[in-house]
Amino acid sequence: MTDALALDYAQRLIACQSVTPATGAVFDALEDMLVPLGFTVERFVSGEDDDNPAHGAPVENLFAIRQAAGRHFAFAGHVDVVPPGNGWASDPFTPEIKGDLLHGRGAVDMKGSIAAFVAALHDIPNDAGTISLIITGDEEGPAIHGTRALISHMQKRGSIPDACLVGEPTSVNRLGDMMKIGRRGSVNMWISVAGTQGHVAYPHLADNPIPKLVAILAEIEAIRLDDGTDWFQASNIEITDLNVGNKATNVIPAKAEARLSIRFNDLQNGDALVLKLRELVERGGGTLTAMISGEAFLTPPGALSAAIAKAVEAVAGVVPEPSTTGGTSDARFLTKICPVVEFGLCNATMHKLDEAVAISDLSALTEIYRRVAINMLAS
């Protein structure tokens, strides 16, 4: 029964156009799946509707809970998706089965895993313990009004889980070969160096900002933050953009700009990195602004990762590698309230044209999630 349910639920979710930030129909579909299973569904919109992109657009969120005595296990995910782009072989929001694959935007990232978890709920007794779903419409976007707002909502109602599984697509070559027990932090920085515009034939009457910026970037490029840890690779600073915008060949520009992206492990923290780079930039005559997307976190191997490994080995015949590689996820927020591990489908087609999930993987993931939930509720 749950095999067919996971496929049906995935198709219903994919059919809802939910490019980030997601609202409306996709949450209606999810609510319709959860209410018959005895869940109380609470939906709310967070954020103000204004023209400032730094504030983020209003976002719809959903918290669903089925309460019982005992432990509280949560599943977290997002129903928003990235824009599909052009060039799909079929309509990205019309789920289509081709052979053994289900195609559609969000099939693996991450409507498929949400569908699998909801399908698994049909075979988890109501009295096994408290189960909740933490679902946002703002993970692929700024992530300002999504999971952070959900955490605040949960804290106000006193519904903090004992552990949380995030259904991001973590598998690489086959279902079950990797789970994420942590993630690196992320910070973006913008450097600006002001000069004085002038004619290249009269450099003494101008002040060229480009050499100053080049010197600053050379000093940044020479920084080695750390050598990594047992669980994390080394932190890295990458120069991701240079801009002068000078179309004239005979003009010394008035400003030069650059952008940095730093991915850092748990030996670093965002505020300290911003301070370190700001001092360097200002010493070189520039200014720096920064946005910290999230701090590094680690859930050391324990009950949750053990439960996932046991279930994956039993169902998929492979032991998942605990990893901290890849980009950020909303686990960076959830780790502040409970142990969190990410596990989900194969990530080979996420964010790509013709995104697709193996139907057999949906079935296997449903059984894995069922076993993990029952294990964690019983522990």
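Where in the chain does glutamate 140 lie? Look in the loop between strand S6 (130-136) and helix H4 (147-157), and you'll find glutamate 140 there. Keep in mind as we go that this is a predicted model.

Let's stay with that residue for a moment. Glutamate 140 is buried, yet it has no salt bridge. The nearest side chain of opposite charge belongs to arginine 105, and that is 8.0 Å away. What the side chain of glutamate 140 does have is a polar contact with the side chain of histidine 351, at 3.2 Å. If you skip the neighbours within four places in sequence, the residues in contact with glutamate 140 include Thr20, His78, Asp80 and Asp109, along with His351.

So who does arginine 105 pair up with? Its salt-bridge partner is glutamate 355, with the closest N and O atoms 2.7 Å apart. This pair links distant parts of the chain, as the two residues are 250 residues apart. Glutamate 355 is in the loop between strand S18 (340-342) and S19, while arginine 105 is in the loop between S5 and helix H3 (111-121). Both glutamate 355 and arginine 105 are buried.

A quick bit of background helps here. Side chains of opposite charge can pair when their charged atoms come close. The structure holds 14 salt bridges, and a few others are worth a look. Arginine 224 and aspartate 227 meet through their side chains at 2.6 Å, N to O. Are these two buried or exposed? Arginine 224 is exposed, and so is aspartate 227.

Then there's the salt bridge between glutamate 367 and arginine 371, where the closest N and O atoms are 2.7 Å apart. These two are 4 residues apart in helix H9, so they are separated by about one helical turn. An α-helix has 3.6 residues a turn, so residues three or four places apart point the same way. Glutamate 367 counts as partly exposed because its relative accessibility is 24%, and arginine 371 counts as partly exposed because its value is 36%. Salt bridges can also join up into a network, and here one links Asp28, Glu31, Arg43 and Glu60.

Now for the sheets. Strands of a sheet pair through backbone hydrogen bonds, either parallel or antiparallel. One open sheet has 3 strands in the order S4-S5-S19, with antiparallel pairing. Its edge strands, each pairing on one side only, are S4 (96-98) and S19 (356-358). From one strand to the next, the twist averages 30 degrees. Zoom in on S4 and S5 (residues 101-103), and you'll see them pair in the antiparallel sense over 3 bridges. Here glutamate 96 stands opposite histidine 103 in S5. Helix H9 (residues 359-378), the home of that glutamate 367 and arginine 371 pair, lies across S4, S5 and S19 and runs at about 65 degrees to S19.

Another open sheet is made of 4 strands, in the order S12-S14-S10-S15, and the pairing is antiparallel here too. At the edges you'll find S12 (236-243) and S15 (287-294), each pairing on one side only. The twist in this sheet averages 20 degrees from one strand to the next. How many bridges join S10 to S14? There are 10 between S10 (residues 185-194) and S14 (residues 255-264), which run antiparallel. Alanine 194, for example, has lysine 255 in S14 as its bridge partner. This sheet has a helix across it as well: H6 (residues 270-283) lies across S10, S14 and S15, running at about 165 degrees to S15.

Let's swing back to helix H4, at the far end of the loop where we began. Its buried residues are Thr147, Ala149, Leu150, Ile151 and Met154. They pack against strand S1 (40-46), strand S2 (59-66), S6 and helix H8 (331-334). Just after H4, glycine 158 takes a positive phi of about 70 degrees.

One last stop is threonine 299, in the loop between strand S16 (297-298) and helix H7 (303-316). Threonine 299 counts as buried because its relative accessibility is 10%. A polar atom of its side chain lies 2.8 Å from the backbone oxygen of valine 340. Beyond its close neighbours in sequence, within four places, threonine 299 is in contact with Ile181, Thr335, Pro339, Val340 and Val341.

Definitions and conventions
Residues numbered from 1 in each chain as written. Predicted model: local features only at pLDDT ≥ 70, side-chain atom pairs only at ≥ 80, totals over all residues. Heavy atoms only, no water. Pairing = 2+ DSSP bridges. Axes fitted to C-alpha atoms, helices over the stretch in contact; angles between N-to-C directions. Contact = heavy atoms within 4.5 Å. Buried < 20%, exposed > 50% of the residue type's maximum accessible area, 1.4 Å probe, protein only. Lys, Arg positive; Asp, Glu negative; His and termini not counted. Salt bridge = Lys/Arg side-chain N within 4 Å of Asp/Glu carboxyl O. Polar contact = N/O pair within 3.5 Å; in protein donor to acceptor, adjacent residues only side chain to side chain.
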